[in-house]
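Let's take a walk through this fold, starting with the overall layout and then stopping at a few residues along the way. Keep the viewer open as you read.

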Amino acid sequence: MSATWPAQNESMSDDTLARMPFSSFVIATLALNLAPGPDMTYVAARSLGQGRRAGIVSSLGIAAGCVFHIAAAAAGVALLLRSWPQAYAVVRLVGAAYLVYLGVGLLRHARDAGALTAALPMATDGAILRQGVITNVLNPKVGFFFLAFL
């Protein structure tokens, strides 16, 4: 057994958690970003609708949102959301409203285009990046994930 992990009869102390390998954090972060959810759905929709470049730009927006969550967790915002359920509910509702807004825009675009299979409206790289950041920042589960590692 590795020297950094406690024996079975020992409890995990803060010191033990501080010694967890960085690779565990990286693997968990990759799993979070590859798991289905709003972020993955957004990247897939942009990639399919506008190609590889849009997929990469939207992924960069998601990554920027993750940096925001790391900074927020370090500043104690994620802990505040966990301890104050009303704030968590507000963030969750604002995030849901934003996803509904994107969905309504897609439906409106599909109706205007006269096709049932219309993709997301074409957007600039800046708009794609911004939407990726917003999609990630308004997902409070990502903040809790990073809080778990601090």
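What follows goes from the whole chain to its core, then to some contacts, and finally to the surface.

One thing to keep in mind from the start: this is a predicted model. The chain has eight helices and zero strands, so if you read along the sequence you get the pattern α-α-α-α-α-α-α-α. Of the 150 residues in the chain, 27% are buried. The accessible surface comes to about 9600 Å², and 69% of that belongs to carbon and sulfur atoms. How far apart in sequence are the partners in contact? If you take contacts between residues at least 6 apart in sequence, 73% of them join residues at least 24 apart.

Now for the inside. The largest nonpolar core has eight residues, namely A28, C66, A73, A78, V142, F145, F146 and L147. Helices α4 and α8 (140-149) each supply at least two residues of this core, and the largest share, four residues, comes from α8.

F146 is a handy place to look at how this core is surrounded. Setting aside residues up to four places away in sequence, F146 touches F25, T29, C66, H69, I70 and A73. Two of those partners, C66 and A73, are listed in the core as well. A71 gives another view of the same region: A71 sits in helix α4, and its C-alpha lies 9.4 Å from that of F146, although the two are 75 residues apart in sequence. Is A71 buried, partly exposed or exposed? With a relative accessible area of 46%, A71 falls between the 20% and 50% cut-offs, so A71 counts as partly exposed.

H69 is also worth a stop. This residue belongs to helix α4, and H69 is buried because its relative accessible area is just 5%, where the limit for buried is under 20%. Which residues does H69 meet? Leaving aside its neighbours within four places in sequence, H69 is in contact with N136, V137, N139, V142, G143 and F146. One of these, V142, is a member of the core.

N136 and V142 turn up again when you move to D39. D39 is found in helix α3 (residues 38-50). Not counting residues up to four places away in sequence, D39 touches I62, T135, N136 and V142. With N136 there is also a polar contact, side chain to side chain, at 2.6 Å. Is D39 buried or exposed? Its relative accessible area is 10%, so D39 is buried.

Just before that helix, G37 takes its place in the loop between α2 and α3. G37 is partly exposed, at 26% relative accessibility. If you measure from the C-alpha of G37 to that of N139, you should get 9.6 Å, for a pair 102 residues apart along the chain.

Next, have a look at how α7 and α4 come together. L129 is in helix α7, and, leaving aside neighbours within four places in sequence, L129 is in contact with V57, L60 and G61. The C-alpha atoms of L129 and L60 are separated by 6.7 Å, with their positions 69 residues apart along the chain. L129 is partly exposed, at 33% relative accessibility.

A charged pair links the two helices too. The structure holds one salt bridge: D125 pairs with R53, and the closest N and O atoms are 2.6 Å apart. Why does this pair matter for the layout of the chain? D125 lies in helix α7 (residues 125-137) and R53 in helix α4 (residues 52-75), so the salt bridge ties together parts that are 72 residues apart in sequence. The two ends differ in how open they are: D125 is partly exposed at 30% relative accessible area, while R53 counts as exposed at 59%.

Last stop, the surface. F22, V26, L30 and L34 make a nonpolar surface patch of about 420 Å². L34 is found in helix α2 (residues 22-34). What is the status of L34? Its relative accessible area is 61%, so L34 is exposed.

Terms used. Residues numbered from 1 in each chain as written. Predicted model: local features only at pLDDT ≥ 70, side-chain atom pairs only at ≥ 80, totals over all residues. Heavy atoms only, no water. Buried < 20%, exposed > 50% of the residue type's maximum accessible area, 1.4 Å probe, protein only. Polar contact = N/O pair within 3.5 Å; in protein donor to acceptor, adjacent residues only side chain to side chain. Contact = heavy atoms within 4.5 Å. Salt bridge = Lys/Arg side-chain N within 4 Å of Asp/Glu carboxyl O. Patch = residues over 30% accessible without salt bridge, like charges linked within 9 Å, V, L, I, M, F, W, Y side chains within 5 Å. Areas by Shrake-Rupley, 256 points an atom, 1.4 Å probe, with all protein chains shown as cover. Core = buried A, V, L, I, M, F, W, Y, C linked by side-chain atoms within 4.5 Å.
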